[in-house]
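Biologist: I would like a close look at a single part of this model, with the terms explained as they come up.

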Amino acid sequence: MKRKIKDYYRYVLYKFFRFIFIITPHFILKPMLIFLAKIVNKYNKRFNKVVEANLQLVFANTLSQKRKEEIKYNSYKSLFFNMYEFIENQNISKEELFKKANFENEHYIIDAIKNNRKIIFITAHYGGWEIALPSVALKFGTLAVVNRKMDNPLINKLYIEARDRNNIIMLDKKVAAKGMLKALKNNNHVAVVIDQHIKDGVEIEFFGKKVLATDATSRLSLKFDAVIIPIFSVMNDFRNYTLKVYEPLDPMKIEFKTEDKIKEFTKMQSDIIETQIKETPDFWFWQHKRWKNFYKEIYK
């Protein structure tokens, strides 16, 4: 009973802030979100500790402390802008959504569709990920997205309804494998966010440090001869993004160097995520414990 009351309270609070966000003019909302990012950046000790641990593990002394602080703040700003995208995209038309993001190298997607290839999109919690997948789904066809179900069932229902309007089918992580198989068999596209900590997976290196990574995309790609297309939403400004599409990984053309194709293929995908983060580290979600499996001591 207490759980239901708490869920309802958070649902009402969420609806209230969504209403405020929707009615507030953009020229007011932008500095408001920047101000919130500055406050969290300064006073949120819990997440700051995680960010600082991650930056130290990845970059050590190759970046100045000033640059690390800049990345930390920009990561929060990117996160707040992205949270706004999640809210606004529930209430705007397809045409309005397209105005906020331009595709770079979209010919990779168009060519794959023309050649009747099955497509698995991979991405990361990077920049405006809440605009990347809806844009792909609305422009290129139904997208089955693997996602963790929200703890609050009331908010989760809103989330699913919003995804439905954006031509997205939500797949719960716990039963994602069957959902992805069904989607590919039905000639729908699949999308997986592959950059976060998971409890089970294949061991690879990410930024030269051991992590566990999902091998589901590799297995599906090899099974269906599906191309894997990486896509990232690079933030240019508030409500202004570039959807950067990388050259597809085609299992029919790759010359694997080892017998463990799954691990090698999984590492290739992770390397692309790493390349994009290195290019502009400010937009990645540094607030999560990506290296927890093998370096949990850094988060204590």
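Biologist: In which sense do strand E2 (residues 119–123) and E8 pair, and over how many bridges? Please follow E8 outwards from there, to its other partner and to what surrounds the sheet.

Modeller: The model is a predicted one, in which local features need pLDDT of at least 70 and side-chain atom pairs count only at pLDDT 80 or more, while totals for chains, interfaces and linings use all residues. Residues are numbered from 1 along each chain as its sequence is written, and side-chain values use heavy atoms, with hydrogens and water left out.

To take your question directly, E2 and E8 pair in the parallel sense, over four bridges; two strands count as paired if DSSP finds at least two bridges between them, and the element names refer to DSSP runs numbered from the N terminus, helices being H or I runs of at least four residues and strands E runs of at least two. Across this pairing, phenylalanine 121 stands opposite isoleucine 229 in E8.

E8 (residues 227–237) is also joined to strand E9 (residues 240–245), with six bridges between them, and here the two strands run antiparallel. Both senses of pairing are familiar, since strands of a sheet pair through backbone hydrogen bonds, either parallel or antiparallel. Two opposite pairs can be picked out along E8 and E9: valine 234 faces threonine 242, and methionine 235 faces tyrosine 241. The two strands make a hairpin with two residues between them, and arginine 239 in the turn has a positive phi of about 60°.

These pairings belong to an open sheet of seven strands with mixed pairing, whose order is E1-E9-E8-E2-E5-E3-E4. Strand E1 (101–104) and strand E4 (168–172) each have a single partner strand and stand at the edges, so one side of each has no neighbour in the sheet. From one strand to the next, the twist averages 25°. Helix H4 (residues 65–88) packs on the sheet and touches E8 and E9 (contact means heavy atoms within 4.5 Å), and the direction of H4 makes about 105° with that of E8; for such angles, axes are lines fitted to C-alpha atoms, for helices over the stretch in contact, and the angles run from 0 to 180 degrees between N-to-C directions.

Nine of the eleven residues of E8 are buried, so the strand is largely enclosed by the rest of the structure; buried means under 20% relative accessible area, exposed over 50%, and partly exposed in between, with a 1.4 Å probe and protein chains only. One residue that reaches E8 is glutamine 269, which lies in helix H11 (residues 261–279). Leaving out residues up to four places away in sequence, glutamine 269 touches Ile122, Ile194, Thr217, Ser218, Ile228 and Leu249. Glutamine 269 is itself buried, with a relative accessible area of 1%, and its side chain makes a polar contact of 2.9 Å with the side chain of serine 218. A polar contact is a pair of N or O atoms within 3.5 Å; within protein, one must be able to donate a hydrogen and the other to accept it, and residues adjacent in sequence count only if both atoms are side-chain atoms.

Just before the strand, aspartate 225 sits in the loop between H10 and E8. The phi of aspartate 225 is near 55°, a positive value in a residue other than glycine, whereas most residues other than glycine have a negative phi. At 36% relative accessibility, aspartate 225 counts as partly exposed.

On the other side of that loop, helix H10 (residues 216–224) packs with helix H9 (residues 176–185) at an angle of about 30°, their axes being 11 Å apart. Met180, Leu181, Leu184 and Lys185 in H9 meet Ala216, Leu220, Lys223 and Phe224 in H10. By class, this contact has six nonpolar, no polar and two charged residues, where Ala, Val, Leu, Ile, Met, Phe, Trp, Tyr, Cys and Pro count as nonpolar, Asp, Glu, Lys and Arg as charged, and the others, Gly among them, as polar.
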